[in-house]
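Work through these exercises with the structure open beside you. Try each task before you read its solution.

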Amino acid sequence: MTAPIELHYWPTPNGWKITIALEEMGLPYEVKPVNIGAGDQFKPDFLKISPNNRMPAIVDPDGPDGQPISIFESGAILQYLARKTGRFYGETERDRVNVDQWLMWQMGGLGPMAGQAHHFRSYAPKIESNPERIVYGRERYTNEVNRLYGVLDKQLAGRDYVAGFYSIADMAIWPWILPEGQGQNLDDFPNLKVWYERLKERPALRRGRDVGKDLRRSLDEDSEEMKKARAVLFGQKARE
């Protein structure tokens with residue numbers, strides 16, 4: 001029996017990408033929670049497999065040469081799992097290039113910009129005393145997410161999936177479509193809305209999205225625990 005993949009995880013959009021992929025691919029896995037609000041991402045054992053002190057990360061005991069391999073960065077993990085299983089990456093090099101470019105679009109554009117929009121819309125007022133700075137950041141990133149939603153909406157015109165077939169690109173993008181927290185309205189993006197609702201009906205995607213849901217708590221809370229968590233998440237600098 002194949003040993004399960006170790007998934008170092010917390011229920012966030014980047015974490016959901018990997019649980020969705022693992023569920024879609026039918027790979028056995030074991031969740032190792034990384035409580036990012038409590039600083040678990042800075043523990044030495046975790047840094048050995050994720051030197052960027054970010055989750056998710058995986059350890060596959062059955063690596064390419066039969067030896068264990070650890071991988072950090074959600075996009076790299078998705079590519080590895082797709083190659084390992086031969087699924088959700090297309091049949092040709094042209095297919096894979098198309099998937100990769102939309103995966104990189106999510107990694108370099110949608111994810112970071114949506115994350116900043118959510119930060120300035122939801123959390124910045126709790127930690128920043130300069131109202132003009134908050135307003136500028138909120139408008140800057142909300143507008144950029146709007147632009148990116150528009151790019152995706154155009155790509156999905158006449159297509160069921162981002163790369164023309166269901167792929168790891170869809171799995172990477174879907175968890176980051178959180179319109180309410182990003183100041184968007186899916187009714188303004190009809191192709192995106194249809195795609196989003198279509199994927200939401202996939203049983204494996206729903207299972208992946210629900211992994212660890214009991215662990216997640218809202219950072220909007222004003223409890224002392226959540227204040228400490230915000231300090232950990234939003235006050236990081238280089239460490240020794």
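## Exercise 1: A residue in α5

Task: Find which residues L148 contacts, leaving aside its neighbours within four places in sequence.

Solution. This is a predicted model.
- Step 1. Set aside the neighbours within four places; L148 then contacts W105, G109, L110 and M113.
- Step 2. Place the residue. L148 belongs to helix α5, residues 131-155.
- Step 3. Is L148 buried or exposed? Its relative accessibility is 2%. Buried means under 20%, so L148 counts as buried.
- Step 4. Check a distance. L148 and A204 are 56 residues apart along the chain, and their C-alpha atoms are separated by 26 Å.

## Exercise 2: A residue in a loop

Task: Classify L178 by its relative accessible area, and list its contacts beyond four places in sequence.

Solution.
- Step 1. Locate L178. The loop between α6 (168-173) and α7 (179-182) holds this residue.
- Step 2. Read the area. L178 has a relative accessible area of 31%. The partly exposed class runs between the 20% and 50% cut-offs, so L178 is partly exposed.
- Step 3. List the contacts. Without neighbours within four places, L178 is in contact with P13 and Y149.
- Step 4. Check a distance. G115 is 63 residues from L178 along the chain, yet their C-alpha atoms are separated by 10.0 Å.

## Exercise 3: The sheet

Task: Work out the strand order of the sheet, and explain why β2 and β4 each have one side without a neighbour in the sheet.

Solution.
- Step 1. Write the order. The open sheet has four strands, arranged β2-β1-β3-β4, with mixed pairing.
- Step 2. Look at the edges. β2 (29-33) and β4 (69-72) each have a single partner strand, so one side of each lacks a neighbour in the sheet.
- Step 3. Add the twist. From one strand to the next, the twist averages 20°.
- Step 4. Examine one pair. β3, residues 57-60, pairs with β4 in the antiparallel sense over four bridges. In β4, I69 is the bridge partner of D60.
- Step 5. Add a helix. α3 (residues 74-85) packs on the sheet and touches β1 (5-9), β3 and β4. The direction of α3 makes about 135° with that of β4.

## Exercise 4: Two helices

Task: Decide how α1 lies relative to α3, and name the residues that make the contact.

Solution.
- Step 1. Check the length of α3. Its twelve residues reach 17 Å from first C-alpha to last, close to the 16 Å expected at 1.5 Å a residue.
- Step 2. See what follows. After α3 comes G86, with a positive phi near 70°.
- Step 3. Take the angle. α1 and α3 pack at about 5°, and their axes are 10 Å apart. Therefore α1 is roughly parallel to α3.
- Step 4. Name the contact. From α1 come N14, K17, I18, A21, L22 and M25; from α3 come S74, I77, L78, L81, A82 and T85.
- Step 5. Find buried residues. Those of α3 include G75, Q79 and Y80.

## Exercise 5: Inside α1

Task: Say whether T19 is buried or exposed, and find which residues T19 touches.

Solution.
- Step 1. Place T19. It sits in helix α1, residues 13-25.
- Step 2. Read the area. T19 has a relative accessible area of 0%, so T19 is buried.
- Step 3. List the contacts. Not counting residues up to four places away, T19 touches L7, Y9, Y29, G208 and V211.

Key:
Residues numbered from 1 in each chain as written. Predicted model: local features only at pLDDT ≥ 70, side-chain atom pairs only at ≥ 80, totals over all residues. Heavy atoms only, no water. Pairing = 2+ DSSP bridges. Axes fitted to C-alpha atoms, helices over the stretch in contact; angles between N-to-C directions. Contact = heavy atoms within 4.5 Å. Buried < 20%, exposed > 50% of the residue type's maximum accessible area, 1.4 Å probe, protein only. Expected span 1.5 Å × (residues − 1). Parallel < 35°, antiparallel > 145°, perpendicular 65-115°, else oblique.
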